[in-house]
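This report covers salt bridges, sheets, helix faces and a surface patch. The sequence and the structure come next.

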Amino acid sequence: DRLILSVAGVLDTRKVPAISIDRYTKEGNDGLLQWYVQTVPRLTEVERRELETDAGMVLGEYFPNNAYLTLCSAAQAARFSKARHVVWVGQRPNLHKIDPVLSNKGIQKLQQNGTLTWMKLDLFLFPNASAQAEDLQQYSQVLQQSKDQMSTVLEVRPIASSKIILEMPLRDARKTISWLSKQPETLWVGKREVYSTRNRDSNKILTLGGSEQAKYRTNDLLNKNDLNGRGQMIAVSDTGLDFDHCMLWQESFPFP
């Protein structure tokens, strides 16, 4: 119950010191930071309301086990630590903001591969930190102005409500990712992936397994069992596409 599980790592709150308001006051740093707020196991809705009332703030995104992410000052985090049903409050490590693929070892592998000279990143901002389009544009300008600190050539493109696409030379990726992870608004930095369709093989994949094997086999299994969809009624519910969907931005997308 005391382990906070993140894609980027595991934090054992029994071994990590909780928040010390004196430390942040002495350092003169009472700006916004990201904090894990770990609660008692199986927090009920009533307990959550009591906790948020005590702290005067709402909890953010959930992380197993029993932890929530929040963006606030050290003084506000201290109020969380004194609230009912709270077990531990501590600062979120910068490494927990970075996709493991973009670790120093991961970047080194990409550099050794030699096929990639530029890299695209997806930068996700903390919810409500840049919720308005104007704020997103302003933050994009801040990134552009910070290129000297990151020592890189940086292309910045705001997307969606809290997402920015960054493009930079691979040689500068480490410094850029490190700088981004230290910013309080940064929720997550991930490598922008390129996708391909498998529509032609989807039927075979479902019945035969992996897509590579499906390329070379037939889907007679369905036909032999008279499973062809005839006489069946179906319903389709379409929630629409985010305008950053790969079908819309990826050049020369291999449509089937």
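## Salt bridges of helix 2

In this predicted model, glutamate 52 and arginine 48 form a salt bridge, with 3.1 Å between the closest N and O atoms. Both residues belong to helix 2 (residues 45-55), and because they are 4 residues apart there, about one helical turn separates them. An α-helix has 3.6 residues a turn, so residues three or four places apart point the same way. Glutamate 52 counts as buried because its relative accessibility, 16%, is under the 20% limit. Arginine 48 has a relative accessible area of 22% and is partly exposed.

A second salt bridge that involves helix 2 pairs aspartate 54 with arginine 84, where the closest N and O atoms are 2.8 Å apart. Aspartate 54 is in helix 2, whereas arginine 84 lies in the loop between helix 3 (74-81) and strand 6 (86-91), so the pair ties together parts that are 30 residues apart in sequence. Both partners count as partly exposed: arginine 84 has 41% relative accessibility, and aspartate 54 has 33%.

## Other salt bridges

Arg171, Asp172 and Lys175 are joined into one network by salt bridges that share partners. Arginine 14 forms a salt bridge with aspartate 12, and their closest N and O atoms are 2.9 Å apart. The two partners fall into separate accessibility classes: arginine 14 is exposed at 58% relative accessibility, while aspartate 12 is buried at 13%. The model has a count of 6 salt bridges.

## The sheet of strands 4, 5, 3 and 6

An open sheet is formed by 4 strands in the order 4-5-3-6, with antiparallel pairing. Strand 4 (62-63) and strand 6 are at its edges; each has a single partner strand, so one side of each is left without a neighbour in the sheet. Strand 4 pairs with strand 5 (residues 67-72) over 2 bridges, in the antiparallel sense. Tyrosine 62 stands opposite tyrosine 68, a residue of strand 5.

Strand 3 (residues 33-39) contains valine 37. With a relative accessible area of 0%, valine 37 is buried. The C-alpha atom of valine 37 is 4.6 Å from that of valine 89, although 52 residues separate the two along the chain.

## The sheet of strands 8, 9, 7 and 10

Another open sheet of 4 strands has the order 8-9-7-10, and its pairing is antiparallel. Its edges are strand 8 (155-159) and strand 10 (186-191), each of which has a single partner strand, so one side of each lacks a neighbour in the sheet. On average, neighbouring strands of this sheet are turned by 25° against each other, direction ignored.

Strand 7 (residues 118-125) pairs with strand 10 in the antiparallel sense over 5 bridges. Leucine 121 stands opposite lysine 191 of strand 10.

## Buried faces of helices 3 and 4

In helix 3, the buried residues are Ala74, Ala77, Ala78 and Phe80. Viewed down the axis of helix 3, these buried residues fall within an arc of 155°, so they line one face of the helix.

Helix 4 (residues 104-113) has Gly106, Ile107 and Leu110 as its buried residues. Seen down the axis of helix 4, they fall within an arc of 95°, so they too line one face of the helix. The face turned away from this buried side carries the exposed residues Asn104, Lys105, Lys109 and Gln112.

## A nonpolar surface patch

Leu3, Leu5 and Val10 make a nonpolar surface patch of about 230 Å². Leucine 5 is part of strand 1 (residues 3-6). Leucine 5 has 36% relative accessibility and therefore counts as partly exposed. Residues in such a patch need over 30% relative accessible area, and leucine 5, at 36%, meets that cut-off.

Key. Residues numbered from 1 in each chain as written. Predicted model: local features only at pLDDT ≥ 70, side-chain atom pairs only at ≥ 80, totals over all residues. Heavy atoms only, no water. Patch = residues over 30% accessible without salt bridge, like charges linked within 9 Å, V, L, I, M, F, W, Y side chains within 5 Å. Areas by Shrake-Rupley, 256 points an atom, 1.4 Å probe, with all protein chains shown as cover. Salt bridge = Lys/Arg side-chain N within 4 Å of Asp/Glu carboxyl O. Buried < 20%, exposed > 50% of the residue type's maximum accessible area, 1.4 Å probe, protein only. Pairing = 2+ DSSP bridges. Axes fitted to C-alpha atoms, helices over the stretch in contact; angles between N-to-C directions. Arc of directions from axis to C-beta.
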